[in-house]
Amino acid sequence: MTQEDLAQIIQDIVTNCLAKGDHKSIEAASKVVSNKFHEKTIGEFVENLLIEILETNQKTRISGGNLLVLLLKKSILDQSCLVQSGLNKIVENAADMFSVIPDFWKFLADIISPLFCSQTLPLGVLKDS
């Protein structure tokens with residue numbers, strides 16, 4: 001899969017599913033992810049999804065978090081991949097992101113809150129990231 005293909009799939013998921021924010025749309029997004037990505041490419045998807053939805057509206061960011069919850073619950077994504085490919089990478093670049101996105105931490109919180117509120121991801125992950 002090329003970087004352009006990845007970007008297009010993520011853009012389609014954001015526009016056609018996450019922006020709607022309802023459970024049916026998030027379920028549809030999880031099916032796309034399940035069909036298009038596998039164990040070796042899911043990490044790249046997570047990293048790029050987080051970057052893509054950071055500057056969207058709050059509804060879309062929360063829906064992105066709910067998609068990650070669903071992917072974890074369905075075992076399409078595992079916790080270590082989410083932490084390593086998603087959370088750690090985005091936190092490593094936080095200083096650069098903060099200069100471009102002043103509300104970076106608030107926006108990131110919108111995305112990761114569903115993971116903790118659903119108890120899909122333990123809070124201890126934050127300490128370790």
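Trainee: Before we look at aspartate 110, what counts as a helix here?
Mentor: Helices (H or I, at least four residues) are DSSP runs, numbered from the N terminus. This is a predicted model, in which local features need pLDDT of at least 70 and side-chain atom pairs count only at pLDDT 80 or more, while totals for chains, interfaces and linings use all residues. Residues are numbered from 1 along each chain as its sequence is written, and side-chain values use heavy atoms, with hydrogens and water left out.

Trainee: OK, so where does aspartate 110 lie?
Mentor: Aspartate 110 lies in helix α7, which covers residues 104-117.

Trainee: Buried or exposed?
Mentor: Aspartate 110 counts as buried because its relative accessibility is 10%, where buried means under 20% relative accessible area with a 1.4 Å probe and protein chains only.

Trainee: And which residues does aspartate 110 touch?
Mentor: Leaving out residues up to four places away in sequence, aspartate 110 touches Gln58, Arg61 and Ile62, a contact being heavy atoms within 4.5 Å.

Trainee: Switching to serine 30, where is that one?
Mentor: Serine 30 is found in helix α2, and it is buried, with a relative accessible area of 0%.

Trainee: What does the side chain of serine 30 reach at 2.7 Å?
Mentor: That side chain reaches the backbone oxygen of glutamate 27 at 2.7 Å.

Trainee: Which residues does serine 30 touch further along the sequence, then, not counting those up to four places away?
Mentor: Serine 30 touches Leu67, Leu70, Leu71, Lys74 and Ile76 on that count.

Methods. Helices (H or I, at least four residues) and strands (E, at least two) are DSSP runs, numbered from the N terminus. Buried means under 20% relative accessible area, exposed over 50%, partly exposed in between (1.4 Å probe, protein chains only). A polar contact is a pair of N or O atoms within 3.5 Å; within protein, one must be able to donate a hydrogen and the other to accept it, and residues adjacent in sequence count only if both atoms are side-chain atoms.
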